[in-house]
Amino acid sequence: MKNIDDLIDSAADLAERGLSKGEIADELNVSKETASWLVSRSGATTPQKRDGTSPHDIHVDWSAIGRDSARLAHVGRAMADLLSKQGEDVDLTIGIEKAGAPLATTVSRELDTDLGTYAPSKHQWDDDSSEELNGSFSRNFAQIRDRDCYVVDDTITSGTTMTETVQAVREHGGNPLACAVLTDKRGVEEIEGVPVYSLVQVLRVGESE
């Protein structure tokens, strides 16, 4: 994707397929607010260029990695290396669905851990969501069972999803020792007291905190 019009078209396509705005945000690696803005622009008869009313966000396109299993494996090894010094007894890696799951798979294989996945509440989010939304751990993968674990995702945008996942792990009796992401758009060092490691940090220059 090279410009905002490509993102608008992609958001429209995903919306037509029935994805919620939270899922669209996950697919495009943008915030929920940006996903909502993109979908709202997709109904325009003429292309809408980015202006002062658009959200401040950065789109991360790592499809060149995701579509190639060999590249994905190399990135997984790098992420595993970031995590490897955080504990010798860790035997579980939790991947945040959707995009964090394949990364977590390569990390868990490299570190010889079991694999679990977590579906965050944002996947159910839409503009008209009024009820409280909850995430869940998949029963098709390894369970927490009071274990030390790592948490893996592709991108930190606001930190909300990673925070939710860390809290959910603790609520299920687990002990998250470290988090790893491919790209961190906030430049965070820790979430909920858990260290966060990223292969790439995006720094906004000239914008207020």
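In this predicted model, helix 1 and helix 2 cross in the right-handed sense. The two helices span residues 4–16 and 21–28, and their axes come within 10 Å of each other, crossing at roughly 135°. That angle is why helix 1 counts as oblique to helix 2. On the helix 1 side, the contact is built from Leu7, Ser10, Ala11, Leu14 and Ala15, while helix 2 puts in Ile24, Glu27 and Leu28. Sorted by class, that makes 6 nonpolar residues, plus 1 polar and 1 charged.

Helix 2 itself is mostly covered, with 7 of its 8 residues buried. The buried set runs Lys21, Gly22, Glu23, Ile24, Ala25, Asp26 and Leu28. Ile24 and Leu28 thus turn up twice, being buried and also part of the contact with helix 1. What do the buried residues of helix 2 pack against? Helix 1 is one partner, and helix 3 (32–41) is the other. Just past the end of helix 2 comes Asn29, whose phi is positive, at about 60°.

Then there is the sheet. It is open and mixed, and its 7 strands are laid out in the order 3-2-1-4-5-7-6. Strand 3 (136–137) and strand 6 (190–191) sit at the edges, each pairing on one side only. At the strand 3 edge, the partner is strand 2 (residues 114–119), and the two run antiparallel with 2 bridges between them. Within this pairing, Tyr118 stands opposite Phe137 of strand 3.

Helix 7 (residues 160–171) packs on this sheet. The helix touches strand 1 (92–96), strand 2, strand 3, strand 4 (148–156), strand 5 (175–184), strand 6 and strand 7. Compared with strand 5, the direction of helix 7 makes an angle of about 160°.

One residue of the sheet gets a look of its own: Ser198, found in strand 7 (residues 194–201). Is Ser198 buried or exposed? Its relative accessibility is 18%, and because the cut-off for buried is under 20%, Ser198 counts as buried. As for its surroundings, setting aside neighbours within four places in sequence, Ser198 is in contact with Leu82, Val181, Leu182 and Asp184.

Methods. Residues numbered from 1 in each chain as written. Predicted model: local features only at pLDDT ≥ 70, side-chain atom pairs only at ≥ 80, totals over all residues. Heavy atoms only, no water. Axes fitted to C-alpha atoms, helices over the stretch in contact; angles between N-to-C directions. Helix = DSSP H or I, 4+ residues; strand = E, 2+ residues; numbered from the N terminus. Parallel < 35°, antiparallel > 145°, perpendicular 65-115°, else oblique. Left-handed = near helix turned anticlockwise from the far one by under 90°. Contact = heavy atoms within 4.5 Å. Nonpolar A, V, L, I, M, F, W, Y, C, P; charged D, E, K, R; others polar. Buried < 20%, exposed > 50% of the residue type's maximum accessible area, 1.4 Å probe, protein only. Pairing = 2+ DSSP bridges.
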